[in-house]
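Me: I have this structure open in front of me and would like some help reading it. Please take a close look at cavities, and at what surrounds them.

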Amino acid sequence: MCGITGYIGTDPTGRIVHEGLQNLEYRGYDSAGIALAGGGSLSVHKTGGEVGDLPVPSREDGTRGIGHTRWSTHGEPTRENAHPHTDCTGDVAVVHNGIIENYAALADELRADHVFHSDTDTEVVPHLIETHLADGVSLLTAVQRTTERLTGSYALAITAAGHDGIVVARSDSPLLLGHGDTGTFVASDATAFIEHTNRVTYLRNGDIAHLTETEWTVYNDGARVSRDIEALDWSADAAGKSGYDHYMLKEIHEQPRALRQAISGRISDLGTDVTLDMELSTETLQNVAELQIVACGTSYHAGLYAKELLETHADLPVTVHVASEYELRGGRSPKDTLVVAITQSGETADTLAALRSAAQKGAPTLALTNTLGSTVTREADDALFIRAGPEIGVAATKTFVSQVATAALLTMHIGRARNAISTSDAAALRDAIRDLPGAVQQVLDQAPEIASIAREYADSDAFFYVGRRAGRPVALESALKLKEISYDHAEGFSAGELKHGPLALVTDNTPVVAVLTEYAAPERTANNVKEVQSRGADVIGLASDAGTARHADVTITLPACGPLEPVVANVALQLFAYHIANEKGRPIDKPRNLAKSVTVE
Ligand code: M6R
């Protein structure tokens, strides 16, 4: 999705903003631009292509700069539609994330006196600022008056010739400041500036900040407000590729460490106690009659896995909702319904909208997220962090396994609170959680073998993935992984559903990947394996049990990991997807049309 970066300070502004844009490329974009202002002039560089096509502006171009990577919503991905957008005088430059919902009415009003050059919703903003500046007010006041006219969501950064500093504003779209030794940064995502500073201030809805070379001041509703500085526990190295060809591959290999972080300090060495840094009271958990999960994409698949765990071990009915389809319903009353938003970024617009709908009706809400300070953490009643560390590849990998591991911890916590989990189930879950990092490492040690299986099947017409119980979300997730990075047709199904339709697609050039692990009813899925084999398809089976594995044509052998064994299978299938996409030379970290953080509904 769109990314914003900006800097004001004593270091070379053009280089810093250009590097910030490169750091944001992972989010997915189709055009980009930079504006630098200094003294009485403004210089703007835009491209309908990649950040690398933009020049690196020199210090002479200006001392305060803003940049943008655009993921088109309103208007084609052309140079004209790329940000920054300017006013009629060419003195005001604006970058924007989000959607200005009333832009058409504003543009109709402004067109009498202003000339528009783009098809974007954003361009009304510089023209509105221009009208206010004409009254002789400061840039800060002009932006304040402009935001009063806007409806929708926005993160804005504005700089102007002849006006001091950079002004930024946020409403329902993330924006944070970075406090470095040489100046102040602004970005939609800390990755833009993390190599310069980890000291950040998350702006809140309605905040407008004025950044100068020496100061940063935040206002809300016209009044000056104070905002904290927090230290992010990320390093630039954590956000780099560390010698791997792609972020995705690095993140796949980081999973044992990510899982150890997710578990660390949360599970007792002896016994089955779980300590989660959560504030939802035991009483709330005891009184809940139903749990509803809202999420999108990979996080939705983690939600399906969580349902399997919670219903089996915490005696709690769970429904999982694609967030964009959600409106709170069900439950005896909203207060009896705990709504859990699963979102690694904490910024997915559909998930936030679902959470808000639940909160408005009075349901207690919990966020399961990777991102400290993200919008979901501020809007949910409580937050539980998956502690996976930064994930840069658009394809979610380590965040999926960390979401499921954290859901397993949550299951133990809720099961205990409700007195619903048996001692043996608690011990089995505890062992699986503890064994998971090591089991994942064992799969990573088989990476060369998995790569060679992937290469063997890379030219297939399509790929089908099947599983039951917790094997089903893994089948869905593994198919999503393959299709998004390789552009091959891949679908996941409940194994039992094959014969109700999908079997018609199966041929001798459509391999079927079968999750034959524990916690996935492997013997029953083995029957479906026979159905596809007799139609000529090869079956790639994932199993820890040699007896079950014998049903497949090709086997990826897994270490046993109890209720989390399907997660171990998922790691093998991440590698399978990666190597097929790599074989085809796909842009694995930035698949076409996709974005890391989907901040529009
Ligand atoms: O940040 P979120 O977890 O809310 O993102 C939701 C989906 O956009 C995301 O999981 C997406 O499906 C994955 N990046 C695909 O690999």
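Reply: Happy to help; one bit of sorting comes first, since we will class residues: Ala, Val, Leu, Ile, Met, Phe, Trp, Tyr, Cys and Pro count as nonpolar, Asp, Glu, Lys and Arg as charged, and the others, Gly among them, as polar. This is a predicted model, in which local features need pLDDT of at least 70 and side-chain atom pairs count only at pLDDT 80 or more, while totals for chains, interfaces and linings use all residues. Residues are numbered from 1 along each chain as its sequence is written, and side-chain values use heavy atoms, with hydrogens and water left out.

Three cavities reach 30 Å³ or more. A cavity here is a set of points, on a 1 Å grid over the protein atoms alone, where a 1.4 Å probe fits but cannot get out; points join across faces, edges and corners, and the volume is the space filled by probe spheres set on them.

Start with the largest cavity, at about 120 Å³. It has 15 lining residues (those with an atom within 4 Å of a point), and the closest to its centre are Cys-2, Trp-71, Thr-73, His-96 and Gly-98. Strand E6, residues 92–100, gives the largest share of this lining, with three residues (strands, E, are DSSP runs of at least two residues and helices, H or I, of at least four, numbered from the N terminus). The lining is made up of nine polar, four nonpolar and two charged residues.

Follow E6 and you come to helix H3 (124–133), since E6 is among the elements covering the buried residues of H3, along with strand E5 (85–86), helix H2 (103–110), helix H4 and strand E7. Nine of the ten residues of H3 are buried, so the helix is largely enclosed by the rest of the structure (buried is under 20% relative accessible area, exposed over 50%, partly exposed in between, with a 1.4 Å probe and protein chains only). Among the buried ones are His-127, Glu-130 and His-132, as well as Val-124, Leu-128 and Ile-129.

H4 (139–147) is mostly covered too, with seven of its nine residues buried; Gln-144, Thr-146 and Thr-147 are among these, as are Leu-139 and Val-143. They pack, by contact of heavy atoms within 4.5 Å, against H3, E7 (152–160) and strands E8 (166–171), E12 (207–211) and E13 (216–220).

Now for the second largest cavity, which holds about 50 Å³. Its lining is Leu-291, Ile-293, Ala-306, Leu-310, Val-340, Ile-342, Leu-368, Ala-407 and Leu-410. Strand E16 (290–295), helix H8 (297–313), strand E18 (337–343) and helix H11 (398–417) each give two or more of these residues. By class, this lining has nine nonpolar residues, with no polar and no charged ones.

H8, E18 and H11 turn up again around the second largest pocket, where they, helix H9 (349–360) and helix H14 (471–486) each supply at least two lining residues. A pocket is an open set with protein on both sides within 12 Å along at least five of seven lines. This one has about 550 Å³ of space, and of its 27 lining residues Gly-297, Thr-298, Ala-595, Lys-596 and Val-598 are closest to the centre. Eleven lining residues are nonpolar, eleven polar and five charged. Domain 2 (241–441) and domain 3 (446–601) both contribute to the lining, so the pocket lies between them; domain bounds come from an automatic or database domain assignment.
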